[in-house]
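Student: I've got a structure open and I'd like to talk it through. Can we go one residue or contact at a time?

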Amino acid sequence: MALSRLDNLYRQVILDHTNHPHNRGVLDDATSQIELNNPTCGDVIQLQLNIQDGVICDVAFEGHGCSISMASASMMTVAIKGKTEAEAIEIIANFLELVQGEDIGTAKKTLKDAQMLSGVAKFPARIKCATLAWKALERGIIQENETTISSQLHTEE
Amino acid sequence: MLDATRLKQDFPILHQEVNDEPLVYLDNAASTQMPLKVMNELKHFKETDYANVHRGVHTLSERATSQYEAARDTVSRFLEAKSTKEILFTRGTTTSLNWVAQSLGDLVVEKGDKIVISYMEHHSNIIPWQQLAKRKGAELIYINLTPEGFLDMTDAKSKITDGVKIVSITHASNVLGVVNDVKTLGELAHSVGAKMVVDGAQSTPHMRVNVTKLNCDFYAFSAHKMCGPTGIGVLYGRQELLEKMEPVEYGGEMIDFVYDQTSTWAELPYKFEAGTPNITGAIGLAYAIDYLEEIGLDNIHQHEQELVEYVLPKLLAIDGFELYGPKDVNQHTGVIAFNIEGIHPHDLSTALDMQGVAIRAGHHCAQPLLRYLDVMSTARASFYFYNTKEDADCLVQSIIEAKEFFQYGFI
């Protein structure tokens, strides 16, 4: 049956994350908040980060979208919690390569459950769904650094 | 009686497998396919007659000019306009509506005036008016919808009052599948001295349109939604108004005389067509119109009605199927927007794609409408004359199988 191809996309672990998302909610002590949407389809993610001394101590997300975008957000939070910003940036790069169909070798391990989204590469129309949360994370880290640099500048003044 | 199976033979693209399944193309509200006849005519034009128009004094330019202007005649006759001067070639409906908002807006809208649209408009018939309202300090007012998804004509009457300068409404919704009574809205608009603009992107391909009888001031549509090429569309405008309006773009053949510090404009319709126009596009549109007229717009309309009559009850019978728009098959175009409980429309669309069925999923460039309906996105199947009852059956069956997949396959 043609639908069996969907197995490539909707693995059990992905649907588990869709139905039982990790780190869904809001943080009381967020240092960064990012809202990102996919203008072509209306999917939205609100991501909150608590970053202390360059380490992502906590992360939470809210939003709405298809199962791929929500599962990907959940998987992303699991992969990056406790990582340094530099490690997170590398994990994001690994993920973006993975869903573009690149062979990232052992770097897959850094993605934890998110490596299960490799099948998205066979569904080009869904790559944007899978990457929304990761793009939000990237923006959050950049935003955090801009804030840090800005506050450092103010301190120096 | 229209023979869709035979007509489908005219479209080579429809005879292929997608994801190892026979293609069922149901995304016609976004873009329709081009018949071989139109492709061949365009190929012939490009192989034998192509040149720039209006400026050359050689044979090819004469031939190209003659066919480009003949295309304008075809559009004028197709819309039953009073004159070819009322037919402007644009890049599509979006450009057409932007031109009106800018040029008519500058002519008639002042601070404190009102512009009336509705909650079922495409972004292309919202944003140009938002921008105009901001530019002029005018107020943008939305007509509400009835619970069934029709335009609320009582609300329209209460909002189209003194101070309204422009009313701009879609002829047929790209989500709800309803056809609006733009003639009555036009009468209302004119009764308060407002101008009536009609977005015909979803109506022109599917039903006969007579702009003179509709008594609208402007009417916009795109070729790619009616078997023609992309990048070409039409703005019909009432001659008396177009004469008073300023061009939106300047340069090239739209001039009459260019002096050092000032210029004068060419006569209609050239006043608005700056630069080299989309020559092959305009000619392709005329071929597409010839093709559609050969089938007959009334036959096309009737066939789509029959398809909706056939498929809508089957869809409504699917457990968890939610329709956006009227359930009355007699008041529904071939556009069917829906959701299946528990399945995000993107997931559904991918599942259908794996079964060869091409539909649309998302907000359909109608975010205010989706907010009004309190839904983030929907799936949308849209039929055209080359779709058959077998296509409709495939849609129903593929939804049922997708439901099974998401309900029992993995969870």
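**Walking through the model**

Tutor: Sure, let's start with B:Gln305, which is buried, with a relative accessible area of 15%. Bear in mind that this is a predicted model.

Student: Which helix holds B:Gln305, and which backbone oxygen does the side chain reach?

Tutor: B:Gln305 sits in helix H11 (residues 297-316) of chain B. Leaving out residues up to four places away in sequence, B:Gln305 touches B:Val329, B:Asn330, B:His332 and B:Thr333. The backbone oxygen that the side chain reaches, at 3.4 Å, belongs to B:Val329.

Student: On to the rings. Why does the pair A:Phe95 and A:Trp134 count as stacked?

Tutor: The structure holds 18 aromatic pairs over all chains. In this one the ring centres are 4.0 Å apart, and planes under 30 degrees apart count as stacked. The planes of A:Phe95 and A:Trp134 are at 5°, so the pair is stacked.

Student: How many residues apart are those two in the chain?

Tutor: A:Phe95 is in helix H3 (residues 85-99) of chain A and A:Trp134 is in helix H4 (residues 127-156) of chain A, so the pair links distant parts of the chain. The separation is 39 residues.

Student: Is A:Trp134 buried or exposed?

Tutor: Buried means under 20% relative accessible area. A:Phe95 has 0% and is buried. With 0% as well, A:Trp134 counts as buried.

Student: What kind of pair do B:Phe45 and B:Tyr50 make?

Tutor: Their ring centres are 6.2 Å apart. B:Phe45 is buried at 0% relative accessibility, whereas B:Tyr50 is partly exposed at 43%. The planes are at 85°, and over 60 is the cut-off, so the pair is edge-to-face.

Student: Now helix H3 of chain B. What distance between its end C-alpha atoms does the model give?

Tutor: That helix covers residues 59-79, which is 21 residues. At 1.5 Å a residue it should span 30 Å. The expected span agrees with the distance between the end C-alpha atoms, which is 30 Å.

Student: Which residue just after H3(B) takes a positive phi?

Tutor: Within H3(B) there are many buried residues, including B:Tyr68, B:Glu69, B:Arg72 and B:Phe78. Just past the helix, the residue with a positive phi of about 55° is B:Glu80.

Student: Let's do charges. Which residue of chain B forms a salt bridge with A:Arg126?

Tutor: Over all chains the structure holds 20 salt bridges. A:Arg126 is in the loop between H3 and H4 of chain A, and its partner is in helix H12 (residues 345-353) of chain B, so to speak a pair that crosses between chains. Both A:Arg126 and its partner are buried. With the closest N and O atoms 2.8 Å apart, that partner is B:Asp347.

Student: How many residues apart are B:Arg380 and B:Asp27?

Tutor: These two form a salt bridge, with the closest N and O atoms 3.7 Å apart. B:Arg380 lies in strand E17 (residues 378-382) of chain B, and B:Asp27 lies in the loop between strand E3 (24-25) and helix H2 (36-48) of chain B. B:Arg380 is buried at 2% relative accessibility, and B:Asp27 is buried at 13%. The gap in sequence is 353 residues.

Student: Why are B:Lys244 and B:Glu240 separated by about one helical turn?

Tutor: An α-helix has 3.6 residues a turn, so residues three or four places apart point the same way. B:Lys244 and B:Glu240 form a salt bridge at 3.7 Å between the closest N and O atoms, and they belong to a network of salt bridges with B:Asp217 and B:Arg238. They are both in helix H9 (residues 239-244) of chain B, and their separation of about one turn comes from being four residues apart.

Student: Last stop, the interface. What area is buried between chain A and chain B?

Tutor: In the interface, 24 residues of chain A are in contact with 21 residues of chain B. Carbon and sulfur atoms give 63% of the buried area. The total comes to about 1900 Å².

Student: Which element gives the largest share of the side of chain A that touches chain B?

Tutor: Across this interface there are six residue pairs in polar contact. Helix H1 (12-19) and helix H2 (67-80) of chain A are the elements that give two or more residues to chain A's side. The largest share, three residues, comes from H1(A).

Conventions:
Residues are numbered from 1 along each chain as its sequence is written. Chains are lettered from A and ligands numbered from 1 in the order in which they are written. This is a predicted model: local features need pLDDT of at least 70, side-chain atom pairs count only at pLDDT 80 or more; totals for chains, interfaces and linings use all residues. Side-chain values use heavy atoms; hydrogens and water are left out. Rings of Phe, Tyr and Trp (its six-membered ring) pair if their centres lie within 6.5 Å; planes under 30 degrees apart count as stacked, over 60 as edge-to-face and the rest as tilted. Buried means under 20% relative accessible area, exposed over 50%, partly exposed in between (1.4 Å probe, protein chains only). The expected span of a helix is 1.5 Å times one less than its number of residues. A salt bridge is a side-chain nitrogen of Lys or Arg within 4 Å of a carboxyl oxygen of Asp or Glu. Contact means heavy atoms within 4.5 Å. Buried area is the accessible area (1.4 Å probe) that two parts lose on being put together, summed over both. A polar contact is a pair of N or O atoms within 3.5 Å; within protein, one must be able to donate a hydrogen and the other to accept it, and residues adjacent in sequence count only if both atoms are side-chain atoms.
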